[in-house]
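This report looks at how side chains and strands meet in one protein chain. Please keep the sequence and the structure at hand while reading.

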Amino acid sequence: MKALICGVGGQDGAYLSRLLLDKGYEVIGASRDAMTSTFSNLKRLDIRDRVTTTSMAITDFRSVIQTLDKYQPDEVYNLAGQSSVGLSFEQPVETMESIAIGTLNMLEAIRFYGKPIRFYSAGSSECFGDTGTAPANEETPFRPRSPYAVAKATAHNLVANYREAYSLYACTGILFNHESPLRPERFVTQKIVRTAARIASGDKGKLEMGNINIQRDWGWAPEYVEAMWKMLQLDRPQDFVIATGRTVSLEFFIEHAFRFFGLNYKDHLVVNPNFFRPTDIHFGASDPSRANDLLGWRAQVKIETTIENMCMAARNLIQAQSL
């Protein structure tokens, strides 16, 4: 089996590459400019030499179809696109083009290519918006509250349309938040653990945050890529919510991260109104029962363990930098 992973340099792309390699796949990893990318996450997982990398601009239809023709994959995982909710307010056009137009190009290229390719599209729980306290499942209506979520909702609907109109094997994984040490520091969870690690090592800085009362379902990223793969092994394509089913507050995450380093977060936290988003989701809860039942997938790693794993990696990084 041969898989093309678009966005191979990111957190999910790296973990998915490792999973597929362990299953005996040939993995081709696409990024916008493979010649200049360091693929640091592939290196951290010690798989860089096992992944064939290639340049592909997902917003360029010609680039996409040339890549499909050259490598002829059996499965395509589209994990590419601008991935920050916060940044999407500053770069809405780039966000929409890289996610929605990128997904459309992939679907059209697969349709034109004409060979049986199974296509996975990375969706997002951000599409649901605020659902009150009701857990979101695959039937919950979308009420996106950011340019990122609007783009993801558009991509989701495009996948469903191509599946129904052209009988493509195309599906969307509606993933709730999932974290790991491979997260870049622009993501709030990595910002928290890296800041706590630096303070524990003697830094006098503070953790500046926006709204710490928001609540999310956070999981462990290496588990979530297995769900992506399982979605492409079914007899017929279906969309799935992928999540733990447990919601905690951002303050909970902060408290546990600082506790790992023997610190009281209240001594180091500054709430900065400038970090509040124009619109945000106050409470996000999930119902992953369809994935539990039909995929045989269930999250095993608890949020406390996810935080601990990220903190250990942050501590090791700070110690390595001090040598």
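A residue is called buried when its relative accessible area is under 20%, exposed when that area is over 50%, and partly exposed in between. Glutamate 304, at 28% relative accessibility, therefore counts as partly exposed. The model discussed here is a predicted one, and the values below are computed from it.

## Salt bridges

Side chains of opposite charge can pair when their charged atoms come close. In this model the count comes to 11 salt bridges, among them the three set out in the table.

| Salt bridge | Closest N to O |
|---|---|
| Aspartate 130 and arginine 145 | 3.7 Å |
| Arginine 163 and aspartate 239 | 2.9 Å |
| Glutamate 304 and arginine 246 | 2.8 Å |

The partner of glutamate 304 is arginine 246, with 2.8 Å between the closest N and O atoms. Because glutamate 304 belongs to helix H11 (residues 303-322) and arginine 246 to the loop between S11 and strand S12 (248-249), this pair ties together parts of the chain that are 58 residues apart in sequence. Arginine 246 is likewise described as partly exposed, its relative accessible area being 36%.

The salt bridge between arginine 163 and aspartate 239 spans 2.9 Å from N to O. Arginine 163 sits in helix H6, whereas aspartate 239 sits in the loop between helix H8 (221-231) and strand S11 (240-242), so the contact ties together parts that are 76 residues apart in sequence. Both arginine 163 and aspartate 239 are buried.

Aspartate 130 and arginine 145 meet through their side chains at 3.7 Å, N to O. Both residues lie in the loop between strand S5 (118-124) and helix H6 (147-166), and they are 15 residues apart. Aspartate 130 is partly exposed, with a relative accessible area of 26%, and arginine 145 is also partly exposed, at 33%.

Elsewhere, Glu138, Glu139 and Arg290 are joined into one network by salt bridges that share partners.

## Strand S5 and its neighbours

How much of S5 is buried? Six of the seven residues of S5 are buried, and the strand is mostly covered. S5 pairs in the parallel sense with strand S4 (residues 75-78) over four bridges, and in the parallel sense with strand S6 (residues 169-175) over seven bridges. Between S4 and S5, tyrosine 77 has tyrosine 120 as its bridge partner, while arginine 118 has tyrosine 169 in S6 as its bridge partner. From S5 the chain crosses through H6 to S6, and this β-α-β crossover is right-handed.

## Aromatic pairs and charges over rings

A pair of aromatic rings is described by the distance of the centres and the angle of the planes. The structure holds eight aromatic pairs. One of them is formed by tyrosine 77 and tyrosine 120, whose rings are tilted, with 6.0 Å from centre to centre and 45 degrees between the planes. Since tyrosine 77 lies in strand S4 and tyrosine 120 in strand S5, the pair ties together parts that are 43 residues apart in sequence. Tyrosine 77 is buried, with a relative accessible area of 0%, and tyrosine 120 counts as buried at 0% relative accessibility. These two tyrosines are thus linked both as bridge partners and as an aromatic pair.

Phe128, Phe142 and Phe176 form one aromatic cluster. Charged side chains also lie over aromatic faces: lysine 23 is over the face of tryptophan 229, at 3.9 Å from the ring centre, and arginine 111 is over the face of tyrosine 166, at 4.3 Å from the ring centre.

## Cysteines

How many disulfides does the structure hold? The number of disulfides is zero. Cysteine 127 is in no disulfide, and the nearest cysteine sulfur to it, that of cysteine 171, is 15 Å away. A pair of cysteine sulfur atoms must lie within 2.5 Å to be a disulfide, and the 15 Å between the sulfurs of cysteine 127 and cysteine 171 does not meet that cut-off. Cysteine 127 is buried, with a relative accessible area of 2%. Cysteine 171 is in no disulfide either, the nearest cysteine sulfur being that of cysteine 6 at 14 Å, and cysteine 171 is buried with a relative accessible area of 0%.

How values were computed: Residues numbered from 1 in each chain as written. Predicted model: local features only at pLDDT ≥ 70, side-chain atom pairs only at ≥ 80, totals over all residues. Heavy atoms only, no water. Salt bridge = Lys/Arg side-chain N within 4 Å of Asp/Glu carboxyl O. Buried < 20%, exposed > 50% of the residue type's maximum accessible area, 1.4 Å probe, protein only. Pairing = 2+ DSSP bridges. Right-handed = clockwise from strand over helix to strand, strands pointing away. Phe/Tyr/Trp six-rings, centres within 6.5 Å; stacked < 30°, edge-to-face > 60°. Lys NZ or Arg CZ within 6 Å of the ring centre and 35° of its normal.
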